[in-house]
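Here is a short report on one protein model. Have the sequence and the 3D view open as you read.

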Amino acid sequence: MPEKRTLERARRKARQGKSTSTVAGEFVREEIEDIRKGKHGARSTKQAIAIGLSKARRAGVPLAGKGKRTRKRASPGHIHGRYVSRKRSRAAERRLKREPRSAASHRALSRQAHRTSRRRSAADRRISARKAARTRRAGR
């Protein structure tokens, strides 16, 4: 189950009208932190991200499934902890404890991001680079 702090952060982002992927990013961030702290591991960076996204979906963030894009905004009212089977949760946790911690390293995350961006088209990359530049400028 996500920490109270993560749920709060996610709600705050949703209230600001951020996109669903940004809101879900809070859950992924929490997962990466958990792995770095040594709570458990992950076989790959992709798995670590998937666990975080799964937590977000369970918390009610309206994320699209694989291969679909979503235009929905995450509403702050829908983001809350949800019941999780204790047995299954324990089993998954025990399994993850045996996995390596290197999946959340700076290098692994960087390689994953690079690999993912390479799969996107040049036009798509250009659009997101422009958007990043815009948001960077807005933050200053």
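## From one residue to its surroundings

I51 sits in helix α3. Keep in mind that this model is predicted. Leaving aside residues up to four places away in sequence, I51 touches E31 and L96. What separates I51 from I32, in sequence and in space? The two are 19 residues apart along the chain, and their C-alpha atoms are 9.6 Å apart.

**The second largest pocket**

I51 also helps to line a pocket. The second largest pocket holds about 530 Å³ of space. Its lining has 24 residues, and those closest to the centre are I51, K55, R58, S89 and E93. Which helices each supply at least two residues of this lining? They are α2, α3 and α4. The table gives their residue ranges.

| Helix | Residues |
|---|---|
| α2 | 20–37 |
| α3 | 45–59 |
| α4 | 86–97 |

How do the lining residues of the second largest pocket divide by class? Seven are nonpolar, six are polar and 11 are charged.

**Where α3 meets α5**

Stay with α3, but turn to another partner. Two packed helices are described by the angle between their axes and the distance between the axes. Helix α5 covers residues 106–119. The axes of α3 and α5 come within 9 Å, and they cross at roughly 85 degrees. Angles of 65 to 115 degrees count as roughly perpendicular, so α3 and α5 are roughly perpendicular to each other.

Which residues make the contact? From α3 come T45, K46 and I49. From α5 come A108, L109, Q112 and R119. Sorted by class, this contact of α3 with α5 has three nonpolar, two polar and two charged residues.

**Salt bridges**

How many salt bridges does a search of the whole structure find? The search finds 13. One salt bridge joins the side chains of E8 and R11, with 2.8 Å from N to O. Both residues belong to helix α1, which spans residues 4–15. E8 and R11 are three residues apart, about one turn of the helix.

Definitions and conventions
Residues are numbered from 1 along each chain as its sequence is written. This is a predicted model: local features need pLDDT of at least 70, side-chain atom pairs count only at pLDDT 80 or more; totals for chains, interfaces and linings use all residues. Side-chain values use heavy atoms; hydrogens and water are left out. On a 1 Å grid over the protein atoms alone, a cavity is a set of points where a 1.4 Å probe fits but cannot get out, and a pocket is an open set with protein on both sides within 12 Å along at least five of seven lines; lining residues have an atom within 4 Å of a point. Grid points are joined across faces, edges and corners, and a volume is the space filled by probe spheres set on the points. Helices (H or I, at least four residues) and strands (E, at least two) are DSSP runs, numbered from the N terminus. Ala, Val, Leu, Ile, Met, Phe, Trp, Tyr, Cys and Pro count as nonpolar, Asp, Glu, Lys and Arg as charged, and the others, Gly among them, as polar. Axes are lines fitted to C-alpha atoms, for helices over the stretch in contact, and angles run from 0 to 180 degrees between N-to-C directions. Angles under 35 degrees count as roughly parallel, over 145 as roughly antiparallel, 65 to 115 as roughly perpendicular and the rest as oblique. Contact means heavy atoms within 4.5 Å. A salt bridge is a side-chain nitrogen of Lys or Arg within 4 Å of a carboxyl oxygen of Asp or Glu.
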